[in-house]
Amino acid sequence: MFYDNLFGPWGPLVIIVIGVGLILIALLIFACFLTPGCIGYECFRKRRKEVKNVPLRTKNQEKENLKLSDVSYRSWRLGSLYENDNGTISENAGTSRDSFNSATAQCENVECSSTLNLIQTGKEKSQNKKTQEFPTELTMSLQYLPPCDDVITGKLVIGIEALCGLPPKQYNCTLEPYVALNIVRQSWSHRKRQKLHSFRTRGIRHTASPIYKETFVIANVRSQEAKDWILDIAVYDHDRYANHTELCSLKMSLRDTKKIFYSPEVHMFNYRMKPSSQEFGNILLAISYLPTAQRLTINIMKLRDVKFTPAVSSLEEFNPYVRVLMLNGRTGKKMKKKKTKFLHAVAQPEFNETLTFDLAVTQLDTVQFLVVLCSKVLPEGSTANISTDHASDSEDSVSSFRKSADVFIGKVALGKGVRGSTERLHWFSVLQNPRKLVTVWHTLK
């Protein structure tokens, strides 16, 4: 035969080897197109991506509740968000040419509900509470001057030297920290603490590591009594628009510093302060943005677990209302402010009022909103029932420098550059879902 003449007696074997080799080569090429990482697989996948269109969600699918962990931190300018079959939000791998207008057009074509609830499970709540820790250190000095000749009494000199590493503000504005020092005595018989002395340093602006070098002197101090004293130190941030925020705190007993009573020299101490976890209740906010009208609406719905004491002495003096301030996120300057009507002696108030702000699309990246829970101080002899019938006072003058006599309870900041993770996610969800009312529970701090 032909292969006998070409290859001699080894002809059949050579033909079989060549056939097996061709089959192995074909299998390798086929496997290359199926194995990730190979050249054929990557080229085929890239071409298939270019041809394939992203399917929109069908009109008959029902919308489910969303979770905060499903919402991306990525800016809405980089791409639009679509929904998977399981009802959660995922990112579309689009190009940088996607804009806010394209996302708006897609939302118009797809029928979806007008409200959006971001629900937090117990695990997600615990994750949100794990905020970034800022190790704050306090440098202070203690000196005890013993009595002499029954004329000069004993003195305790407490010096607040400096602070280092304070946490930032909730919203983009400069810090103005000050130190509040309370000296209390533990009464073991009644298990209560009696406040003996109170001091406060000055506030220093534009710094997270202030240097105070202030001393406070307490006269008529006996060493036996002073050993039972407790220094309750708290660092606050002065807020001109809302309540002062407690940044960190420290409690130390003078019994642990016995050496100051045996030598009259100045003793220096460095302490690591504990981050503050003060909370004043929860507020339910529903926010939506209309890009065509360039209008942002904030619906103040209700509050729960409000801790109005010790800011207000009793429930009869608690007249709650909510004030919303629109701030410039870069300078911290107040741009607009509106507020709801106030209620009288309500522990769990429900407002259900909508406050509207004109907001251009170009301002969405820089503007921030500060929601403040306040208690109105009524003049003596006024009737609260008549006052509650008044409409919402939403036209306060922005340029007014008159200090409000009302009491601030707690606040929450919303915007792109705020510190809280839940607050940032709420803001991004509003921008990524135009014309929808996004409802979230927030913690007042």
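Select residues 320–328, strand β16, together with β17: the two pair in the antiparallel sense over five bridges. Strands here are DSSP runs of E with at least two residues, and helices are runs of H or I with at least four, both numbered from the N terminus; two strands pair if DSSP finds at least two bridges between them. The model is a predicted one, in which local features need pLDDT of at least 70, side-chain atom pairs count only at pLDDT 80 or more, and totals for chains, interfaces and linings use all residues. Residues are numbered from 1 along each chain as its sequence is written, and side-chain values use heavy atoms, with hydrogens and water left out.

Within this pair, display M326, which stands opposite K336 in β17.

Next, extend the selection to the four strands of the open sheet, whose order is β17-β16-β19-β20 with antiparallel pairing. The edges are β17 (334–339) and β20 (407–415); each has a single partner strand, so one side of each is left without a neighbour in the sheet. On average, neighbouring strands of this sheet are turned by 20° against each other, direction ignored.

Now add residues 421–432, helix α8, which lies across β19 (367–375) and β20 and runs at about 55° to β20. Axes are lines fitted to C-alpha atoms, for helices over the stretch in contact (heavy atoms within 4.5 Å), and angles run from 0 to 180 degrees between N-to-C directions.

Finally, show the whole chain, with its eight helices and 21 strands. Of its 445 residues, 40% count as buried, meaning under 20% relative accessible area (1.4 Å probe, protein chains only).

Definitions and conventions: Buried < 20%, exposed > 50% of the residue type's maximum accessible area, 1.4 Å probe, protein only.
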